[in-house]
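Reader: Hi! I'd like to chat about the aromatic side chains in this one. Could you pull it up?

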Amino acid sequence: MSEMEPEIKNFLSKILTSISIALLWLLLNITIGIGFNYAFFENTPSFGNYIFYVFFLLTLVLLVRYLRKKWKL
């Protein structure tokens, strides 16, 4: 069994980690927003809608910060 070069192994690890975390974030927000009906509001937004959108934006900023830090050379 052959060994991968360390640079390639590190690069593939970064790709896999980035995709996994982004998909987890996406699935979490889809489940909360669409599954529990917090992404949509009927006539006026409710308190749950505000909480969902604040959570969505906050976690999006944290995700982008993490990915930028991870991919910084």
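Reader: Thanks! Which charged end sits over the ring of W71?

Author: That is K14, with its charged end 5.5 Å from the ring centre of W71. A charge sits over a ring if NZ of Lys or CZ of Arg is within 6 Å of the ring centre and within 35 degrees of the ring normal.

Reader: Good. Anything I should know about the model itself?

Author: It is a predicted model, where local features need pLDDT of at least 70 and side-chain atom pairs count only at pLDDT 80 or more, while totals for chains, interfaces and linings use all residues. Residues are numbered from 1 along each chain as its sequence is written, and side-chain values use heavy atoms, with hydrogens and water left out.

Reader: How many aromatic pairs are there?

Author: Four. Rings of Phe, Tyr and Trp (its six-membered ring) pair if their centres lie within 6.5 Å; planes under 30 degrees apart count as stacked, over 60 as edge-to-face and the rest as tilted. One of them is F11 with W71, edge-to-face at 5.8 Å centre to centre and 85° between the planes.

Reader: Which parts does that pair tie together?

Author: F11 is in helix α1 (residues 6-35) and W71 in helix α2 (residues 47-71), so the pair joins parts 60 residues apart in sequence. Helices here are DSSP runs of H or I, at least four residues, numbered from the N terminus.

Reader: Switching topic: is F52 buried or exposed?

Author: Buried, with a relative accessible area of 6%. The cut-offs are under 20% for buried and over 50% for exposed, with partly exposed in between (1.4 Å probe, protein chains only). Y53 is partly exposed at 35%.

Reader: And which residues make up the ring cluster?

Author: W25, F52, Y53 and F56, linked by ring pairs.

Methods: Helices (H or I, at least four residues) and strands (E, at least two) are DSSP runs, numbered from the N terminus.
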